[in-house]
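Me: Hi! Could you walk me through this structure with me? I'd like to start with the metal site and then move on to the fold.

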Amino acid sequence: ISIFRKWGCIAMIKLNPYTEEARLLLVQQVQMQMSEARFEHVLGVEQSAIALAKRYGYSVEKASIAALTHDYAKERSADEFRFIIENKGFDLNLLRWGNAIWHGLVGAYFVEHELGITDHDILEAIRLHTTGAPQMSLLSKIIYVADYIEPGRDFPGVEEARRLAVLDLDQAVAFETKQTLQYLIGKNVPIYPKTIETYNQWVAKHS
Ligand code: DGI
Ligand code: FE
Ligand code: FE
């Protein structure tokens, strides 16, 4: 299975039209890239993202594709990420960070080049799903929030995040940003500058 996951069967899939069959092929490609537990998380994010897309009037299909691919690269090796950063035009400062920051920002590169997904909104949503950003498209907000509130998540604050998500997506983005930053500071880990920019835009009160 590990050899299969590593070398096998990565295929560019035709997602337009996004039929039930096309979705299932994408689901297979994603499943091959990750553990069972992470795959369950991804399906949960898809469920939440579709609900939010319906709630806020966004394409259910694009929400599904972005959700299914948001953690596509999460189990890639550090060496693989480093290779892409060094050779495919990424900011070399990224080398000082790790999987938490790479799997979305650089992970979108794998999604584009291995799965053939070129939709800019989808790729942006993947890139921003961990850190957020001061400016986010509707899809980026949907994926950022869905990742946090999917049914499998269970941590203090998740109920409040779910409540806000149906009420006001921007408030959900702000709540999640504050919670995540507090959590990271509690662990004494370095904060990626974009995470702070997100906080300044969505949470901080400017006088
Ligand atoms: O990939 P998931 O686990 O579904 O969720 P995620 O992509 O939102 O977050 C992945 C990890 O990244 C999570 O443990 C929180 C962490 N993270 C988010 N922002 C930052 C961060 N870690 C560091 N060091 N710095 C950040 O700014
Ligand atoms: Fe992630
Ligand atoms: Fe995720």
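Me: Thanks! Which protein donors does the iron ion (ligand 2) have?
Reply: Happy to help. This is a predicted model, and in it the iron ion (ligand 2) has Asp71 (OD), His103 (NE2) and His129 (NE2) as its protein donors, lying 2.1 to 2.2 Å from it. Along the chain, these donors follow the spacing D-x31-H-x25-H.

Me: Where do His103 and His129 sit?
Reply: His103 is in helix α6 (residues 99-105), while His129 is in the loop between α8 (120-128) and α9 (138-149). The pair is 26 residues apart and links distant parts of the chain.

Me: Are those two histidines buried or exposed?
Reply: His103 counts as buried because its relative accessibility is 3%, under the 20% cut-off. His129 is buried too, at 2%.

Me: OK, now the other iron. What coordinates the iron ion (ligand 3)?
Reply: Its protein donors are His41 (NE2), His70 (NE2), Asp71 (OD) and Asp147 (OD), at 2.2 to 2.3 Å. In sequence, the donor residues of the iron ion (ligand 3) are spaced H-x28-H-D-x75-D.

Me: Which residue coordinates both irons, and how far apart are they?
Reply: That's Asp71, which bridges the iron ion (ligand 2) and the iron ion (ligand 3). The two ions lie 3.5 Å apart.

Me: And how accessible are Asp71 and its sequence neighbour in that site, His70?
Reply: Asp71 is buried, with a relative accessible area of 4%. His70 is buried as well, and its value is 0%.

Me: Switching to the fold: how many helices and strands are there?
Reply: The protein chain has 12 helices and zero strands.

Me: How does the chain's radius of gyration compare with the globule rule?
Reply: The radius of gyration is 17 Å, close to the 17 Å that the globule rule gives for 207 residues, so the chain is as compact as a globular protein of that length. Its C-alpha atoms fill a box of roughly 55 × 40 × 30 Å along the principal axes.

Me: What about burial and long-range contacts?
Reply: Of the 207 residues, 46% count as buried. Among contacts with a separation of 6 or more, 61% come from residues 24 or more positions apart.

Me: Last topic, the surface and the charges. What have you got?
Reply: The protein chain exposes about 10,900 Å², with carbon and sulfur atoms supplying 54% of it. There are 22 positive and 26 negative charges, and their mean positions are 3 Å apart.

Definitions and conventions. Residues numbered from 1 in each chain as written. Chains lettered and ligands numbered in written order. Predicted model: local features only at pLDDT ≥ 70, side-chain atom pairs only at ≥ 80, totals over all residues. Heavy atoms only, no water. Donors = N, O, S within 2.8 Å, 3.2 Å for Na, K, Ca; no water. Helix = DSSP H or I, 4+ residues; strand = E, 2+ residues; numbered from the N terminus. Buried < 20%, exposed > 50% of the residue type's maximum accessible area, 1.4 Å probe, protein only. Rg over C-alpha atoms; globule rule 2.2 N^0.38 Å. Contact = heavy atoms within 4.5 Å. Areas by Shrake-Rupley, 256 points an atom, 1.4 Å probe, with all protein chains shown as cover. Lys, Arg positive; Asp, Glu negative; His and termini not counted. Charge placed at Lys NZ, Arg CZ, Asp CG, Glu CD.
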